[in-house]
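Work through the exercises below with the sequence and the coordinates open. Each task sentence is followed by a solution in steps.

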Amino acid sequence: IIAAEKDSEAVYRALVALGTLVIALGEEVKSAAKEVYEINGVLARASASGSGKEPRIKGIISEIQEAL
């Protein structure tokens, strides 16, 4: 949903939800996000998309990357 979605609000909300899960649920979820779900690739695709140019989306992507 994050990389394919055209509506920037939907992308932003999905990223906020993802960030909440990664930060709130601890190391096991962070590990699964990186290893199983390849979250870094998802974030890279979101950043490269049209919505990824918006400052609020850039900001949330960088927050998630810092948390990982």
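**Exercise 1. The surroundings of leucine 43**

In this predicted model, leaving aside neighbours within four places in sequence, find the residues in contact with leucine 43, then place leucine 43 in the nonpolar core.

Step 1. With those neighbours set aside, the contacts of leucine 43 are Leu15, Leu18, Ile61, Ile64, Gln65 and Leu68.

Step 2. The largest nonpolar core has 13 residues, and Leu43 is one of those that touch the most other members. Leu15, Leu18, Ile39, Ile57, Ile61 and Ile64 also belong to that group.

Step 3. Helix H1 (8–24), helix H3 (39–48) and helix H4 (55–67) each contribute at least two residues to this core.

Step 4. As background, nonpolar side chains in soluble globular proteins tend to be buried together.

**Exercise 2. The salt bridges of glutamate 9**

Identify the salt-bridge partners of glutamate 9 and state where each lies in the helices.

Step 1. Glutamate 9 forms a salt bridge with arginine 13, with the closest N and O atoms 2.8 Å apart. Both residues are in helix H1, 4 residues apart, or about one turn of the helix.

Step 2. Classify these two residues by accessibility. Arginine 13 has 59% relative accessibility and counts as exposed, while glutamate 9, at 29%, is partly exposed.

Step 3. A salt bridge also joins the side chains of glutamate 9 and arginine 56, at 2.9 Å from N to O. Because glutamate 9 lies in helix H1 and arginine 56 in helix H4, this pair ties together parts that are 47 residues apart in sequence.

Step 4. Arginine 56 is partly exposed, with a relative accessible area of 32%.

**Exercise 3. A pair in helix H2, and the network**

Is lysine 30 buried or exposed, and is glutamate 27 buried or exposed? Describe the salt bridge between them, then name the members of the salt-bridge network.

Step 1. The closest N and O atoms of lysine 30 and glutamate 27 are 3.6 Å apart. The cut-off for a salt bridge is 4 Å, so the pair qualifies.

Step 2. The two residues are 3 residues apart in helix H2 (residues 27–35), about one helical turn.

Step 3. Lysine 30, at 15% relative accessibility, counts as buried because the limit is under 20%. Glutamate 27 has a relative accessible area of 59% and is exposed.

Step 4. Through shared salt-bridge partners, Glu9, Arg13, Glu54 and Arg56 are joined into one network. The count for the model comes to 4 salt bridges.

Note on methods:
Residues numbered from 1 in each chain as written. Predicted model: local features only at pLDDT ≥ 70, side-chain atom pairs only at ≥ 80, totals over all residues. Heavy atoms only, no water. Core = buried A, V, L, I, M, F, W, Y, C linked by side-chain atoms within 4.5 Å. Buried < 20%, exposed > 50% of the residue type's maximum accessible area, 1.4 Å probe, protein only. Contact = heavy atoms within 4.5 Å.
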